[in-house]
Number of protein chains: 2
Amino acid sequence: MDISVLHNSILFKGFDDTEISELLKALNAAEKKYKKGTMIFSSGEITDKLCFVTAGSVTVESNDMWGNRTILNLVGEGQFFAESYALLPDVPMLVDVCAAVDCTVVFLSMKSLADLNDTIRARLLANLLTITTRKNLHLSSRSFHTAPRQVRGRIMAYLNTESVQKHSREFDIHFDRQQLADYLNVERSVLSNELSKMQRDGLIRCRKNHFEII
Amino acid sequence: MDISVLHNSILFKGFDDTEISELLKALNAAEKKYKKGTMIFSSGEITDKLCFVTAGSVTVESNDMWGNRTILNLVGEGQFFAESYALLPDVPMLVDVCAAVDCTVVFLSMKSLADLNDTIRARLLANLLTITTRKNLHLSSRSFHTAPRQVRGRIMAYLNTESVQKHSREFDIHFDRQQLADYLNVERSVLSNELSKMQRDGLIRCRKNHFEII
DNA sequence: GAAAGTATGTTGTAATTACAACGTTTTGGG
DNA sequence: CCCAAAACGTTGTAATTACAACATACTTTC
């Protein structure tokens with residue numbers, strides 16, 4: 001098994017090669033290869049496996065009963081999936097996971113966490129906690145930014161957060177228009193239009209990625 | 001300090017009274033009372049304190065530069081706030097927290113986590129991880145359910161999840177119409193209307209909280 | 001520095017949603 | 001059982017958004 005990818009992951013941050021090897025053994029690490037298109041998990045399943053993509057990529061998707069398919073996430077090399085389900089072993093998966101291309105996945109048993117010695121376990125849990133907390137903050141922010149019904153409200157919510165984060169009324173954002181539109185769940189053209197109106201109304205000034213709140 | 005409320009919290013699940021007392025000391029637990037309307041945290045601040053409401057309630061709110069106030073969360077007795085910020089000590093708060101009524105808050109230093117013995121620390125981290133992971137799943141679901149631009153899409157996304165969770169095409173939901181509308185971020189009347197149309201189109205059958213996917 | 005490609009801004013129309021107003025059904029006391 | 005209150009469904013209109021089509025500006029490459 002190629003542990004170099006694992007070594008650079010946030011999960012094993014602070015662990016050296018020897019410790020990682022021991023951890024892999026203790027967590028019953030199992031490597032498995034999948035052909036493109038193969039289903040790795042399907043909704044309704046229960047798992048305690050934290051999954052790590054060591055090669056290729058997988059899609060997390062929702063396939064509903066009316067035949068609609070929505071890709072929720074593309075998980076590439078060095079990234080995880082199914083963390084939430086692994087850590088909440090009583091919750092059935094609400095999504096499907098498929099191999100986007102030929103890929104290799106390492107499965108780590110979270111049930112086996114209990115068998116680890118307390119020091120190692122605490123360090124691993126701390127890393128996991130950082131990962132989930134960061135994701136949490138991210139999801140909360142987006143939820144807040146997309147909560148207003150109108151485009152202007154969403155823009156203002158977003159810009160205010162950026163301004164607080166950057167400690168300034170003037171700042172650059174890392175989204176281009178299309179990305180910002182997708183993030184705020186609005187049309188790109190409508191977003192551009194509303195930004196223009198907001199400038200005319202004297203609320204903001206902006207040019208490309210640079211914004212100023214007035 | 002009244003630890004009975006703390007004792008019943010998810011954070012201290014599995015800990016007995018003695019352990020909780022020791023933990024409180026180790027985490028530099030500090031109790032503080034606030035008059036209604038007082039600001040407890042304001043956006044931009046940094047904190048490593050996990051905050052627990054032992055009496056009264058607080059509001060987590062966003063107050064933007066244009067004077068808009070949005071209440072994001074009402075945190076009552078026995079509940080936490082600022083967990084994410086406490087666990088990510090480099091991230092400045094993006095929200096304000098105010099005393100909704102006269103209240104008492106216990107602050108626990110997460111920086112002091114490192115000083116705990118490994119066994120206790122691992123148990124506490126495991127509890128924290130359960131809390132954040134559960135919240136995570138919840139936020140992800142909502143994000144998915146409100147992603148479709150149209151009302152019908154949101155309803156279908158939501159009903160599909162419920163159906164998978166309940167392992168059946170027929171199930172009850174725990175939202176009434178107004179709550180479901182708020183959750184999906186649509187108008188109640190538009191929701192009612194769309195549900196009717198979906199029944200006419202033969203996609204679902206529903207009556208009050210009971211739904212059937214066809 | 002011209003050409004091609006990409007990102008952004010603008011506008012008009014069709015489609016969707018918000019909102020208010022009102023009728024109907026359900027629920028919970030008395 | 002009746003009444004009042006709450007929850008739910010329906011409808012019409014005003015407001016907003018989606019979408020397409022096109023104009024403009026900026027970037028990259030040769």
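Helices (H or I, at least four residues) and strands (E, at least two) are DSSP runs, numbered from the N terminus. The legends below describe a predicted model, in which local features need pLDDT of at least 70, side-chain atom pairs count only at pLDDT 80 or more, and totals for chains, interfaces and linings use all residues. Residues are numbered from 1 along each chain as its sequence is written, chains are lettered from A and ligands numbered from 1 in the order in which they are written, and side-chain values use heavy atoms, with hydrogens and water left out.

**View 1. Helix 5 of chain A and the residue that follows it.** Just after this helix, His167(A) adopts a positive phi of about 55°. Helix 5 covers residues 151-166, and its end C-alpha atoms are 23 Å apart, which agrees with the 22 Å expected for 16 residues at 1.5 Å a residue (the expected span is 1.5 Å times one less than the number of residues). Because 12 of its 16 residues are buried, helix 5 of chain A is largely enclosed by the rest of the structure; buried means under 20% relative accessible area, exposed over 50%, and partly exposed in between (1.4 Å probe, protein chains only). Among the buried residues are Arg154(A), Tyr158(A), Asn160(A) and Glu162(A).

**View 2. Glu77(A) in a loop of chain A.** The loop that holds Glu77(A) joins strand 5 (69-75) to strand 6 (80-81). Glu77(A) counts as exposed because its relative accessibility is 53%. Leaving aside residues up to four places away in sequence, Glu77(A) touches Val5(A), Val53(A), Thr54(A), Ala55(A) and Gly56(A) (contact means heavy atoms within 4.5 Å). From Glu77(A) to Arg200(A) the C-alpha distance is 45 Å, with a separation of 123 residues in sequence.

**View 3. The protein surface near DNA strand D.** A residue is near a strand if one of its heavy atoms lies within 4 Å of it. Of the 16 residues around DNA strand D, Glu187(A), Arg177(B), Ser192(B), Asn193(B) and Ser196(B) come nearest. The residues of this surface comprise 2 nonpolar, 7 polar and 7 charged; Ala, Val, Leu, Ile, Met, Phe, Trp, Tyr, Cys and Pro count as nonpolar, Asp, Glu, Lys and Arg as charged, and the others, Gly among them, as polar. Helix 7 of chain B gives the largest share, 5 residues.

**View 4. Side-chain approaches to DNA strand D.** A polar side-chain atom of Ser192(B) lies 2.7 Å from a phosphate oxygen of DNA strand D. For Arg188(B), a polar side-chain atom is 3.1 Å from a base oxygen of the strand.

Methods:
A polar contact is a pair of N or O atoms within 3.5 Å; within protein, one must be able to donate a hydrogen and the other to accept it, and residues adjacent in sequence count only if both atoms are side-chain atoms.
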